[in-house]
Amino acid sequence: MQELIFTVFITISYVLTPGASGATSLFNVVDYGAVGDGKTDDSAAFSKAWKATCNAPSRNPILIIPATKIFLLKPVTFSGPCKPTSIHVLMSGNIVAPNSKMAWKGFHINRWLAFTHVNGLTIIGSGTINGRGAAWWSQPCLHKVPKGVTCKGPTALTFYSCNGLVLKGIRHINSQRNHITISNCKDVTFSNLHISAPKTSPNTDGIDISGSSNVQILNSFIGTGDDCIAISSGSSHINITGIACGPGHGISIGALGAHGEDTVEEVHVRNCTLKGTMTGVRIKTWQGGVGTARRISFEKIRFIRADSPIIIDQYYCPSRVNCKNETSGIRISDVSYRSIIGTSTTDKVINLSCDQNVGCTNIQFNYVYITSTVPGKKAYAFSFNAHGNYTHTRPVVKGLQA
């Protein structure tokens with residue numbers, strides 16, 4: 001229904017727009033040769049339809065992916081800049097990846113579907129993107145590689161340098177690696193998404209954000225085998241609201257400080273529920289990093305059987321091999337936790353492990369109450385070189401220094 005209303009609204013707006021071109025503004029992928037039987041490679045047809053849409057003389061062209069069809073796509077990039085100031089994609093049908101990894105032979109292995117340099121892009125609909133990622137999870141390399149060499153599978157959906165981006169309503173399942181990447185984008189709104197993969201699927205982050213600003217992730221379900229949402233260097237003014245997260249690794253900032261100077265600021269996470277996640281809300285940095293993570297807030301968060309609900313980890317080293325102990329570190333400051341309740345499967349429910357030289361400053365806890373899922377088991381908080389205050393918080397954060 002929302003797709004029909006959307007199409008009618010956009011079409012009427014186009015017709016009534018003074019000076020609008022007389023050229024067609026609707027571009028159906030079927031009209032460009034797409035079959036939609038789930039078996040035929042429709043990549044070329046989608047590329048042709050995109051090229052026509054991107055070069056349309058009309059102000060608001062609409063690319064239509066029709067309902068009741070399943071479109072098989074090999075790796076494909078939808079590139080801009082485009083002539084129209086805005087482009088709409090109405091995604092009512094479904095898109096699936098090839099079953100075989102060999103379909104990536106001759107393509108960059110790092111991505112499947114990508115939009116690059118497209119401003120004013122809106123993708124809306126109830127269709128599903130299925131990455132068929134199981135073939136990649138156990139072995140993300142295309143060919144046999146020497147022992148010790150690691151590979152990364154494709155990101156299912158990449159947005160690079162797309163300003164004024166809207167993504168709404170779609171389902172996204174079983175990505176090869178992370179489901180969605182937002183990189184070098186401004187003014188982004190994602191809402192009403194459903195992103196899922198088995199909790200055992202490795203590196204299947206829901207949404208990864210890097211080098212982007214003014215990003216809103218709203219009212220969505222994300223349950224995968226890794227971070228529900230991960231925020232990396234160069235990101236600012238990130239608003240995450242109304243997210244149901246789990247399974248997965250929670251909502252993360254970092255890891256920061258692995259290469260060069262990293263900065264993340266103005267990240268605000270509100271009204272979210274994390275259920276059965278391996279970690280809750282966390283900030284993680286490598287030893288020896290340079291940069292800042294500041295003005296970050298977590299408010300009105302609910303944990304349900306979360307493992308390690310609140311973490312600041314400035315000794316991040318997942319391999320636990322050859323871990324550094326450096327004199328420099330990312331400066332973490334102005335972090336607030338407010339109106340947070342829930343249960344934890346671990347007794348260490350708050351873990352503030354700040355850098356031994358730099359430390360964390362202005363860490364605030366207000367009305368935070370987290371208990372153990374084990375009846376009678378006492379929950380506790382750990383704090384090292386963290387400075388700030390707490391009020392109305394249980395367990396008390398005794399090590400938090402004023």
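Is Glu-265 buried or exposed, and what is its relative accessible area? Glu-265 is buried, at a relative accessible area of 18%. The cut-off for buried is under 20%, so Glu-265 falls within that class. The model discussed here is predicted.

## The Glu-265 salt bridge

Glu-265 pairs with Arg-295 in a salt bridge. Their closest N and O atoms are 3.1 Å apart. Glu-265 sits in strand β22, residues 261-275. Arg-295 sits in strand β24, residues 290-306. The two are 30 residues apart, and the pair links distant parts of the chain.

What is the exposure of the partner, Arg-295? Arg-295 is partly exposed, with a relative accessible area of 33%. The pairing does not stand alone. Glu-265, Glu-266, Arg-294 and Arg-295 are joined into one network by salt bridges that share partners.

## Salt bridges at Asp-227

How many salt bridges does a search of the whole structure find? The search finds five. Side chains of opposite charge can pair when their charged atoms come close.

Asp-227 takes part in a salt bridge with Arg-282, at 3.2 Å from N to O. Asp-227 lies in the loop between β18 (213-223) and β19 (229-231), while Arg-282 lies in strand β23, so this pair ties together parts 55 residues apart in sequence. Both Asp-227 and Arg-282 are buried.

Asp-227 also forms a salt bridge with Lys-284. Here the closest N and O atoms are 3.8 Å apart. Lys-284 is in strand β23 and Asp-227 in the loop between β18 and β19, so the pair ties together parts that are 57 residues apart in sequence. Lys-284 is buried, as is Asp-227.

## The largest pocket

The largest pocket has a volume of about 1300 Å³. Its lining has 42 residues. Which of them are closest to the pocket centre? They are Asn-203, Asp-226, Asp-227, Lys-284 and Tyr-316. Asp-227 and Lys-284 are thus named both here and in a salt bridge with each other.

Several elements give two or more residues to this lining. The helix is α3 (134-137). The strands are β14 (180-183), β17 (207-210), β21 (251-256), β23 (281-285), β25 (310-313) and β27 (348-353). By class, the pocket lining has 17 nonpolar, 14 polar and 11 charged residues.

## The largest cavity

How many cavities of 30 Å³ or more does the search of the whole structure find? The search finds one. The largest cavity has a volume of about 140 Å³. Of its 14 lining residues, the closest to the centre are Ile-65, Phe-78, Val-89, Ile-95 and Phe-115.

Strands β3 (62-65), β6 (87-91) and β8 (111-116) each supply at least two residues of the lining. What is the make-up of the cavity lining by class? The lining has 14 nonpolar residues, with no polar and no charged ones. The pocket lining, by comparison, has residues of each class: nonpolar, polar and charged.

## Ser-372

Ser-372 is found in strand β28, residues 360-372. Ser-372 is buried, with a relative accessible area of 14%.

What does the side chain of Ser-372 reach? The side chain reaches the backbone nitrogen of Val-374, at 3.0 Å. Leaving aside residues up to four places away in sequence, Ser-372 touches Ser-344, Lys-377 and Ala-379.

How values were computed:
Residues numbered from 1 in each chain as written. Predicted model: local features only at pLDDT ≥ 70, side-chain atom pairs only at ≥ 80, totals over all residues. Heavy atoms only, no water. 1 Å grid on protein atoms, 1.4 Å probe; cavity = no way out; pocket = protein on both sides within 12 Å on 5 of 7 lines; lining within 4 Å. Points joined across faces, edges and corners; volume = space filled by probe spheres on them. Helix = DSSP H or I, 4+ residues; strand = E, 2+ residues; numbered from the N terminus. Nonpolar A, V, L, I, M, F, W, Y, C, P; charged D, E, K, R; others polar. Salt bridge = Lys/Arg side-chain N within 4 Å of Asp/Glu carboxyl O. Buried < 20%, exposed > 50% of the residue type's maximum accessible area, 1.4 Å probe, protein only. Polar contact = N/O pair within 3.5 Å; in protein donor to acceptor, adjacent residues only side chain to side chain. Contact = heavy atoms within 4.5 Å.
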